[in-house]
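Please look over the sequence and the model together before reading on. The paragraphs below move from a pocket to a buried strand residue and then out to the surface.

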Amino acid sequence: MIKKYIPFSMKADLLGIYYKTKPLKSLKNFKVPKSKSNRIFIFLAADYGNLGDVAITYAQHAFLKKSFTNYSVTQIPISHTFEGIAFVSKIIHPTDIITTVGGGNMGDLYPMIEHYRQMVIRGFKKNQIISFPQTIDFSESKPGKKALAKAIKVYSKHPNLLLLAREQKSFDFFKTNFKKNKTLLVPDVVLTQDRRSMVKERSGAIICLRDDKEKKLLANEEDRLFKIVNKEFGGFKKRDTHIGGENLSLINRTRSLFNIWDDFMTAELVITDRLHGMIFCYITGTPALVFLNNNHKIKSSYKWIEDAEHINLVEDFSEEKIQNLINTLKSDNVQISKKDLVPFYDEFKKSVISK
């Protein structure tokens, strides 16, 4: 009964204190990295079934490993955040770097993850911390404004916190509200991946639509969309970038990620309203129709890839427009292209090296 009335933030902070009192040898979910070189730690690493977040974690690890070859990279799964903070605090060096996973969970929509992030920021004030590319979204409600005020207070107290925004709206928000922290605009880190393959034969359509609080497509619009796709392809396969589950092993979550990439690479067309559904199509060279979700992250992130002919954003539902786009994407005239977005990270890499 008492637990029900204790705020999550208080319980989380108490657990954090508890784990910090434990000796290093009792923190059995982690092993001290063998490398004696400088180290980078990735906190909030996705070990749950959101393959968009799994892809971010995978791409962030790969990017850091490739960009900073004299550093070892270690993931701290989000399910072990309390233990992970305690573990890293006992072994960290002044030159080590802390990172938090990118995504769309900065704000009051996912308060638990935001609190975890703030625990990490509070816990390592002597180290450089990099918050990888985020979409920030604090609501205008009274709780949302209160949550924003708390975030500003926590972030601003860190002397060396770099905030990366993955689209212009979030960048502007950072500049306006987090004036004491350095901010840079870079693409979602998954866009640094290139998974195109010349050996996959494409056939049929995949529908990858969300069914949660971020959904914008109406039920009757979805039904009409299904009829069009059925007519054009004689059916379709359903996939989702959210497969469910928690505490997934590194092998299982990576395997699931590669499986959905393989599925996309064999499709003639993917229809999605998930941000990483769109990004997966881009990095695999898969033709896609992309519908908006109920916030700005898809439309804003599309700016990075709007020149790609095979990725089409549908802002207003129109059966005629959808039919015409499908006909265009099924033709052999569509140019599949992917530009190198890694150079947008050059300023970021320089700012890390210079510290």
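By class, how many nonpolar, polar and charged residues does the lining of the largest pocket have? In this predicted model, the lining of that pocket comprises ten nonpolar, 13 polar and nine charged residues. The volume of the largest pocket is about 720 Å³, and 32 residues line it, with Y48, N50, D53, Y110 and I113 lying nearest its centre. Two or more lining residues come from each of the elements α2 (51-67), α3 (81-91), β4 (103-107), α4 (111-123) and α9 (275-284). Of the contributions to this lining, that of α4 is the most, at four residues.

A second place to examine is strand β1, which spans residues 38-45 and holds F43. Because its relative accessibility is 0%, F43 counts as buried, the cut-off for that class being under 20% relative accessible area. In sequence F43 and Y116 are 73 residues apart, yet in space their C-alpha atoms are 9.1 Å apart.

The surface can be approached through helix α1, which covers residues 8-20 and includes L14. L14 has a relative accessible area of 53% and is therefore exposed, since exposed means over 50%. Together with M10 and I17, L14 makes a nonpolar surface patch of about 310 Å². The reader may thus set F43, buried at 0% relative accessibility, beside L14, exposed at a relative accessible area of 53%.

Key: Residues are numbered from 1 along each chain as its sequence is written. This is a predicted model: local features need pLDDT of at least 70, side-chain atom pairs count only at pLDDT 80 or more; totals for chains, interfaces and linings use all residues. Side-chain values use heavy atoms; hydrogens and water are left out. Patches are made of residues with over 30% relative accessible area and no salt bridge: like charges are joined within 9 Å, nonpolar side chains (Val, Leu, Ile, Met, Phe, Trp, Tyr) within 5 Å. Accessible areas come from the Shrake-Rupley method with a 1.4 Å probe; for residues, only the protein chains shown count as cover. A salt bridge is a side-chain nitrogen of Lys or Arg within 4 Å of a carboxyl oxygen of Asp or Glu. Buried means under 20% relative accessible area, exposed over 50%, partly exposed in between (1.4 Å probe, protein chains only). On a 1 Å grid over the protein atoms alone, a cavity is a set of points where a 1.4 Å probe fits but cannot get out, and a pocket is an open set with protein on both sides within 12 Å along at least five of seven lines; lining residues have an atom within 4 Å of a point. Grid points are joined across faces, edges and corners, and a volume is the space filled by probe spheres set on the points. Ala, Val, Leu, Ile, Met, Phe, Trp, Tyr, Cys and Pro count as nonpolar, Asp, Glu, Lys and Arg as charged, and the others, Gly among them, as polar.
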